[in-house]
Every structure is written in C-alpha cells, then in structure tokens.
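Q: I should like to learn how individual features of a protein model are read. Could we work through one example together?

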Amino acid sequence: MLKKTFAVVATLGLSVSIFGGSASYAQTSSENKLEEIQQQKAEEEYKAKEEVQLAEEVKDDSVENIEEQSEELTEEVADLDDEEYSRFMHNYVSENNESTEEMQEKLDLLGIEFVPQEEKNVQTMAIKDPSSLSLSVYSSKRVGQKYWYLQTSWRSKEIEFNPATLDVVSMEWDPKIGKFYTATAGGKGVTTKRDGSKRLKGIYLFNVNDDKTIFDSFASVQVTKNKKGWLEYGAKYTHTYSSTKKTKTGQAGINFDSTGPVGGYSYSVTKTSYVSSWPRYNENAVYLR
C-alpha cells in the first residue's frame, strides 16, 4: 500500500512538473508575443512622426522635385523644435546612399548648411556574437539660427544580449571656438542626458540603453560661436557589456580627462571586475564664420 501511495504521489508530482512547464512556456510565449506587438506599435508610432516622414521624403525624392517644393519644405524644417530637427537629421543621414554632394544640395534647398562625415564601422566585443556598429558625426545649421547642431548617430545590427551598465556617448568640442547653448537627446528613454557639468569645458555626456531596440540613436549639442575659426568636435561611444552574465547595474562610473582630442575635455569609464567596455571615437570639424 505504501508503495502504491508513493507511486501515485510521484505520478502527481510528475504531472505538476509537466503542466507547470507548459504554463511557464505558455507564459514566456505570451510575453514574447506581447513584446513583439508593443515593438511593432512603437515602430509604427515612430514612423508616423512628421519629422521622420519628412526625412524619408527628402531622402527618396529627387533634387529637382525638392527644388520645386523648396519654400514649403523650408518652412516645415524651420517649424521643427530642436528634438524634432535632430530626429529629422538623424533619419536623413543614417543609411543614406546618396553622395555627399547630393545630400548637401538637397539640404541647402531646405535652408540647412550641412557638414557630413562618412560613417565608420567599429567592431563590438559582445561575448557570443560580435556585431557591427556604425558611428558618424556631422553638423548642421538652419537658416536664421545662431547656433550649430553638433550631432552623432549610431546604428547596431543587433541588440546587445549581455548588457551591463548603460552605454555612454559624449559630444566633445573645442570650447575656445564653440560655446555651449543646449543639448538634445532622442525620446523613449533610449538616449538620455546624463552629465552637463563640464559643458563649459567642451563635453556633454548622454546615457544609452543598448538593451532596447533603437530608433532614436542620436545625441546632439547646440553651440554658438565664441570666435571665428575651425571648430573641431567629436563623439566618443563607450559600449559596456557583462563579462560573466547578463546584468544591469545602472550608470557606468565616469572619470573626466582635461586633455580631450579636440581641445576640450573627454572622459573614460571606470573599470569593474565584471563589466568590460571598449571606446570608439569619431571626429569632424566645421568653420564658424
């Protein structure tokens, strides 16, 4: 009798285990489906933004057609606020196969002075599956405005599966030539302002959540002219990842460096025993008249 009772209990235990596993699988599948639906909705909402549609319209249209609509399009660009304008430029510049001359010609018709730079591919160092990240820096100025946008955009082909602390990206510039005016980050919490305490020294820091699917993968500072001359500027992206397991520990520790490569400050990420990182840097220059 004891053996029979034990057998029944064991069978019941097995049944609970099986159905428990099925429930867990169903729950995970449901969560993944919900996440997929939310992601699709977020993407649709993003593509519906006027500035994103405007960027795609300018990218896809010919110079001749843009010239015919120049006055109307210039007004649309002028009406964008700083975040919308930075988003417009990010979407226009990213993954654009046009020549530099064609991009400049189109933007000139919209009242935008544009200083582009070719994207550089950098190899990430994720644990299992290295991916390619493109990092570009460029500047632009709308007609009638007194400040320049110094901007960086980045795109990763894959989401980081071993995230650690939030990634860090800086905009750095020569404060003797350019004076800080304000800073702009993308929405939805992907890129957020982190530290502007050294903005008068030529550096502004942003946090980047690389554990999210990235739409607004850009950061921008706006600067006015301190004096006439070549303004050197750059962006430094520091990617952090777990060297042991998936973990999140908030912001990475930061040390400032007073001898940055473009004449202002730069930074480095504080090392820890379980978080690894690599920095990548890209630079450009614009003449302030």
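Q: In this predicted model, with which side chain does the side chain of D82 make a polar contact?
A: A polar contact is a pair of N or O atoms within 3.5 Å. Here the side chain of D82 is paired with that of Y147, at 2.9 Å. D82 itself lies in helix α5, which spans residues 82-93.

Q: Which residues does D82 touch, not counting residues up to four places away in sequence?
A: With those sequence neighbours set aside, D82 touches R142, Y147, Y149, T182, T184 and Q222. Y147 thus appears in this list as well as in the polar contact.

Q: How is the packing of α2 and α5 described, and at roughly what angle do their axes cross?
A: One states the approach of the axes, the crossing angle and the handedness. The axis of α2 (residues 50-60) comes within 8 Å of that of α5, and the two cross at roughly 35°. The crossing is right-handed. On the α2 side, E51, V52, L54, A55, E56, V58 and K59 make the contact, and on the α5 side E84, R87, F88, N91 and Y92. Sorted by class, the contact comprises 6 nonpolar, 1 polar and 5 charged residues.

Q: Why do the buried residues of α2 lie on the same side of the helix?
A: An α-helix has 3.6 residues a turn, so positions three or four apart point the same way. In α2 the buried residues are E51, V52, L54, A55, V58 and K59. They cover an arc of only 160° around the axis, which puts them on the same side of α2. The face turned away from this buried side carries the exposed residues E50 and D60.

Q: Is A185 buried or exposed?
A: Burial is judged by relative accessible area, and buried means under 20%. A185 has a value of 12% and is therefore buried. This residue belongs to strand β6, residues 178-185. Leaving out residues up to four places away in sequence, A185 touches E83, T191, T192, K193, F206 and F218. The C-alpha atoms of A185 and A219 are 4.9 Å apart, although 34 residues separate the two along the chain.

Q: What share of the contacts with a separation of 6 or more joins residues 24 or more positions apart?
A: Such a share relates contacts in space to positions along the chain. In this protein it is 75%. The secondary structure comprises 6 helices and 13 strands, and 46% of the 289 residues are buried.

Technical notes:
Residues numbered from 1 in each chain as written. Predicted model: local features only at pLDDT ≥ 70, side-chain atom pairs only at ≥ 80, totals over all residues. Heavy atoms only, no water. Helix = DSSP H or I, 4+ residues; strand = E, 2+ residues; numbered from the N terminus. Polar contact = N/O pair within 3.5 Å; in protein donor to acceptor, adjacent residues only side chain to side chain. Contact = heavy atoms within 4.5 Å. Buried < 20%, exposed > 50% of the residue type's maximum accessible area, 1.4 Å probe, protein only. Axes fitted to C-alpha atoms, helices over the stretch in contact; angles between N-to-C directions. Left-handed = near helix turned anticlockwise from the far one by under 90°. Nonpolar A, V, L, I, M, F, W, Y, C, P; charged D, E, K, R; others polar. Arc of directions from axis to C-beta.
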